[in-house]
Amino acid sequence: NEAFITPENNSIGKEPVGTLSREYNVDKIYRHTKDDEVDGQEKQSIKYGWTATKSSIIKAYGNFRKDFNAGKVIVVDRDTLLEMRHFKLSDLTAVGTEKKENRHVVGGSHFDRLRALVLSHAGIEKALEEKYMGIFFA
């Protein structure tokens, strides 16, 4: 499989992202640069995976909603559309995730389909921003 992937790099996702970065084509993994300071010198390092913070999640959901409303994203899966209908931004109450007690359960799911779709959309946005769209068509 040579698909572009956007794994979530949070407390649970660090191990899978580490494994993917060793065993998968790294050009096909969502990545970003991070400014670090090592021995008093500033250095940029590449980090794999989409980092979930309260602000990054709200931004990703907002960007997805904007593009969906503009007709740039088409969703045909009924279960995903059902999750979208019940989802409110107020459901994003914890850093990096939706609090379980505040999530609506839709068909036994906690907006899992919507979350996966939003992460995929964030990955595509990043690819466009970084101008490495060739990865989708190579």
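Biologist: At what angle do helix 3 and helix 4 pack, and how far apart are their axes?

Modeller: Keep in mind that this is a predicted model. In it, the two helices pack at an angle of about 95 degrees, and their axes are 8 Å apart. That makes helix 3 roughly perpendicular to helix 4.

Biologist: Which residues meet there?

Modeller: From helix 3 you've got Asp79, Thr80, Glu83 and Met84, and they meet Asp112, Arg113, Leu114 and Leu117 of helix 4. By type, the residues of that contact divide into 3 nonpolar, 1 polar and 4 charged.

Biologist: OK, charges. What can side chains of opposite charge do when their charged atoms come close?

Modeller: They can pair. Here, arginine 113 makes a salt bridge with aspartate 79, at 3.6 Å from N to O. Arginine 113 sits in helix 4 and aspartate 79 in helix 3 (residues 78-86), so the pair ties together parts that are 34 residues apart in sequence.

Biologist: Which glutamate does arginine 113 bridge to?

Modeller: Glutamate 83, with the closest N and O atoms 3.7 Å apart. This pair also runs from helix 4 to helix 3, with arginine 113 and glutamate 83 30 residues apart. Salt bridges with shared partners join Asp77, Asp79, Glu83 and Arg113 into one network.

Biologist: Which of these are buried or exposed? Start with glutamate 83.

Modeller: Glutamate 83 is buried, at a relative accessible area of 1%. Arginine 113 is partly exposed at 37%, and aspartate 79 is partly exposed too, at 39%.

Biologist: Switching topic: how many salt bridges does the structure hold?

Modeller: It holds 4. One of them is between glutamate 8 and arginine 115, where the closest N and O atoms are 2.5 Å apart.

Biologist: And where do glutamate 8 and arginine 115 sit in the chain?

Modeller: Glutamate 8 is in strand 1 (residues 8-9) and arginine 115 is in helix 4 (residues 112-130). The two are 107 residues apart, and the pair links distant parts of the chain.

Biologist: Is arginine 115 buried or exposed, then, and why?

Modeller: Arginine 115 counts as buried because its relative accessibility is 11%, and the cut-off for buried is under 20%. Its partner, glutamate 8, has a relative accessible area of 18%, so glutamate 8 is buried as well.

Biologist: Nice. So which spots should I click on to see all that?

Modeller: For the helix contact, pull up Arg113 in helix 4 with Asp79 and Glu83 in helix 3. Then go to glutamate 8 and arginine 115 for the salt bridge with strand 1.

Methods. Residues are numbered from 1 along each chain as its sequence is written. This is a predicted model: local features need pLDDT of at least 70, side-chain atom pairs count only at pLDDT 80 or more; totals for chains, interfaces and linings use all residues. Side-chain values use heavy atoms; hydrogens and water are left out. A salt bridge is a side-chain nitrogen of Lys or Arg within 4 Å of a carboxyl oxygen of Asp or Glu. Helices (H or I, at least four residues) and strands (E, at least two) are DSSP runs, numbered from the N terminus. Buried means under 20% relative accessible area, exposed over 50%, partly exposed in between (1.4 Å probe, protein chains only). Axes are lines fitted to C-alpha atoms, for helices over the stretch in contact, and angles run from 0 to 180 degrees between N-to-C directions. Angles under 35 degrees count as roughly parallel, over 145 as roughly antiparallel, 65 to 115 as roughly perpendicular and the rest as oblique. Contact means heavy atoms within 4.5 Å. Ala, Val, Leu, Ile, Met, Phe, Trp, Tyr, Cys and Pro count as nonpolar, Asp, Glu, Lys and Arg as charged, and the others, Gly among them, as polar.
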